[in-house]
Structure formats: C-alpha cells, structure tokens
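Good morning, colleagues. Please turn to the sequence and the structure on the screen before I begin.

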Amino acid sequence: MISDPRHIRISDYNYPLPDERIAKFPIAQRDHSKLLVYRKGQVSHDVFYNLPEYLPKGALMVFNNTKVIQARMHFRKETGALIEVFLLEPADPSDYELMFQTSEHCAWYCLVGNLKKWKEGTLHREIEIKGQQVVVSATRGPIHGTSHRIDFTWTGGFSFAEIIDAMGELPIPPYLNRETQESDKTTYQTVYSKIKGSVAAPTAGLHFTPEVLAAVDAHGIEREELTLHVGAGTFKPVKSEEIQGHEMHTEYISVRRDTIRKLIAHDGCAIAVGTTSVRTLESLYYMGLKVMQNPDAAEDELHVNQWEPYETEARGERGEVRDISAVESLTALGAWMDAHGLEVLHSSTQIIIAPGYEYHIVKMLVTNFHQPQSTLLLLVSAFVKGDWHKIYDYALANDFRFLSYGDSSLLIP
C-alpha cells in the first residue's frame, strides 16, 4: 500500500507568484511558448515546438479531447438584478452527449451568482438564433451540495448546444481578473477539442498546433485521446491546513476500449498531456483493480474515491496481496468491458494525487505551471518525487509565464 498523504501541510507547497507572472493572454503563436525540460533532476529550457525531439520513439501520448462550453449564462430579473447561472454538470439528462442534443427542456447543477436576489420564480431571457426569437427560461430547484438544480426550458426547437452557444459566455479562469473576450473562444480551446462538457480547458494542450501534432506523428509517437470533463473544482483552493480536510471534486471520464488496448500494447505506459489526462489514466489502474475483485461490478461502481489509492491493497484474482502491474489491471478492465459489451467506459473519479502516490501508467508529463498551494502542484510534486521547488525556482528565475495561458514543461522523473 502506498503511503498516506492526508497529513501533508498545504503551506509546504507555497511559492511567491507575482501577479505580473500570471499570463493574462496567450502568446500570438501557441507553439512558440517556452518549454521547461526536467530530466531526471536536470533542468533546461527550449521552445514548445521542439517538444517531439525529447520524446522516445514508439511511445504513446495521451490527450484529453474535452471541449470547453459557454457555461456562464446571464439572466436579468424584472427588478433589474443580474443573476449569473454557471453550468457545472448535467442533471437531466445526466449524459453529456444527450444533454447537448436535447430540445425544449433540460436540467443542470449550477452555481448561482447573486443568489440572494433570486428567492423564487422563473427567470426569462430573449435571444436570437438563426434569425428566430427564442425565449429561454430558468427555474431554481433544490440545493445539490454547493450548487442548485436549475431547470431550463426554451422555445424554437433548438438543441441545448445551440442555446448556450447563443447566450452563454466562455468561463475563463477567475485568476485572470478580466472579462472573457471574443479571442478566448479560440485561444481557450485545444486544437483537438471535440467533446463538449468542460468548464475549464485542459491547458497543457493549449500549446499544441497541427504542426506540432504532425511532428509528434513523424517522430513515431502514437497519439490517443480520452475525455475528462474539467469541473470548476479544478480552481478550488485548498483551505484546510492539512490536505485531509480538502474534498476533491468529481469529474466525468470517457475512455474507449481501443485506448485500453493501446495502453496494454505499450506495456501500460503513457506520456500524459496535462493533469486531467494523468487523473484519468491513473484512475483506470484502480478501476482495473476493482473489476479484478468484482467482475460483476456495474459501471457506476468503478468510481474512484479521493483516498482510494492510499487505502487499496492490490490483490490478485485469488485474493492474495501483491503488486499488480498496469498491464494486468488494464487487461482485467478491458476484459470487463468486453463482458459488458462496452466500447466506451463512462465513469468518474475523485482521485487526489499527492506526494506518497506511486504512478502506475504515466511515465512522462507535459503540463503548465500551477497555482501555489493547489492540488495540481501536489500532483506534480508526487510525479517528480518532491523536486518541484527546483522546477518552479528555475521557471521564476527564467521569465516563464504561469497558469492557464502560461508556458509549458516536460517532466521526466
């Protein structure tokens, strides 16, 4: 069993981040951002478009193909009060794909801004789609954790995807301290984004261009995509002194059976683009352990709880405690998918990756520079065995740009 990180003090993962080092906008050419290269304790830097030269031929690189939705919706009450409704996750239908195809009615769990001004009643807003006037209505429902269920209805027979494209606003990170601009609709999406559902971009992928992807291919590196819809919880600061007091948000993942096959063919090893890909890949390992113990598990029973990696003893199919390899775990998960007739696994994860965690699948990581005292910095520290200070000190000393629109790093422990 891996060592338990619950008593880690988040104050040990602080560093000075002056506001001027936070990139408010991306640079003009995505792939001309700086690239910090951390290789087995040595740090150097380059330009992002040279990334493929550092990667081993024949490796498997995994990308998160989620697409950011225009999740901020604004309604005005008859009194003039402005109410912001921020879409978090689908309630009815709960399936992301079906949600965006629905017409006339759906429900989401949402954060509500200016809530005290919306005690009751239904809000309405008139918008125009394809020259047609459409009335969108929102009715507040019961509390759901820190959010509210909001029921939406609209006229005109359009899909919900068309509704939010017409009236929603792209939610850029709060620490940018600025309004969303038209340019963000392009720059805050990866060039390979496909599956709608995130309220924040998987930002490590923002540096890739079609040219860099072509260079990755030419380098003999296989590319594979999975989907993790990034929730607003990714920006949730750790408020507790020790991380045991922090509750990780649940995020929804989709992984194709073919992806599992490719991972097995690559000895259960992958280069992850972004922390969201990391959380998905590492969660697959624990899902595999679950089905080894219970081949009859239902899909929703594969959810990975926050502390599960630190509480789970890996056991063989006869129940004996032993090290289970990534290939064994993934093979069991693939066989379980076959037995259940699944081409795509839909599940969820709350995994927290912190120092003490042993990585099973991810061997290299492409990632941006994260906020002080964040769970993402804990994930990086676990990956480089506590050597994060060296990386961040170098980035600060060499004019790297930080956070979502900032520069990138390639980490090879």
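Let me begin with a definition: two strands are taken to pair if DSSP finds at least two bridges between them. Please also bear in mind that this is a predicted model.

I turn to the sheet. Nine strands make up an open sheet of mixed pairing, and their order is β2-β1-β17-β16-β14-β3-β12-β13-β15. Which strands stand at the edges? They are β2, residues 42–47, and β15, residues 344–349. Each has a single partner strand, so one side of each is left without a neighbour in the sheet. On average, and with direction ignored, neighbouring strands of this sheet are turned by 25° against each other.

Within this order, consider β3, residues 60–64, and β14, residues 270–273. These two strands run parallel and are joined by two bridges, which satisfies the definition of a pair. Methionine 61 stands opposite isoleucine 271 in β14. Helix α5, residues 257–265, packs on the sheet, where it touches β3, β12, β13 and β14. The direction of α5 makes about 75° with that of β13.

I now move to two residues in loops. Glutamine 350 is placed in the loop between β15 and β16, and histidine 303 in the loop between α6, residues 275–293, and α7, residues 308–311. Are these residues buried or exposed? The relative accessible area of histidine 303 is 16%, and that of glutamine 350 is 13%. Buried means under 20%, so histidine 303 counts as buried, and so does glutamine 350.

What joins the side chains of histidine 303 and glutamine 350? A polar contact of 3.2 Å does. The side chain of histidine 303 also makes a polar contact, at 3.3 Å, with the side chain of asparagine 305. For glutamine 350, a polar atom of the side chain lies 2.9 Å from the backbone oxygen of methionine 248.

The surroundings complete the picture. Leaving aside residues up to four places away in sequence, histidine 303 touches Thr250, Lys290, Glu308, Ser347, Ser348, Thr349 and Gln350. On the same basis, glutamine 350 touches Glu247, Met248, His249, Thr250, His303, Val304, Asn305 and Gln306. Thr250 therefore appears in the contacts of histidine 303 and in those of glutamine 350, where contact means heavy atoms within 4.5 Å.

Finally, one distance along the chain: glutamine 350 and glutamate 20 are 330 residues apart, and their C-alpha atoms are separated by 32 Å. Thank you for your attention.

Key:
Residues are numbered from 1 along each chain as its sequence is written. This is a predicted model: local features need pLDDT of at least 70, side-chain atom pairs count only at pLDDT 80 or more; totals for chains, interfaces and linings use all residues. Side-chain values use heavy atoms; hydrogens and water are left out. Helices (H or I, at least four residues) and strands (E, at least two) are DSSP runs, numbered from the N terminus. Buried means under 20% relative accessible area, exposed over 50%, partly exposed in between (1.4 Å probe, protein chains only). A polar contact is a pair of N or O atoms within 3.5 Å; within protein, one must be able to donate a hydrogen and the other to accept it, and residues adjacent in sequence count only if both atoms are side-chain atoms. Axes are lines fitted to C-alpha atoms, for helices over the stretch in contact, and angles run from 0 to 180 degrees between N-to-C directions.
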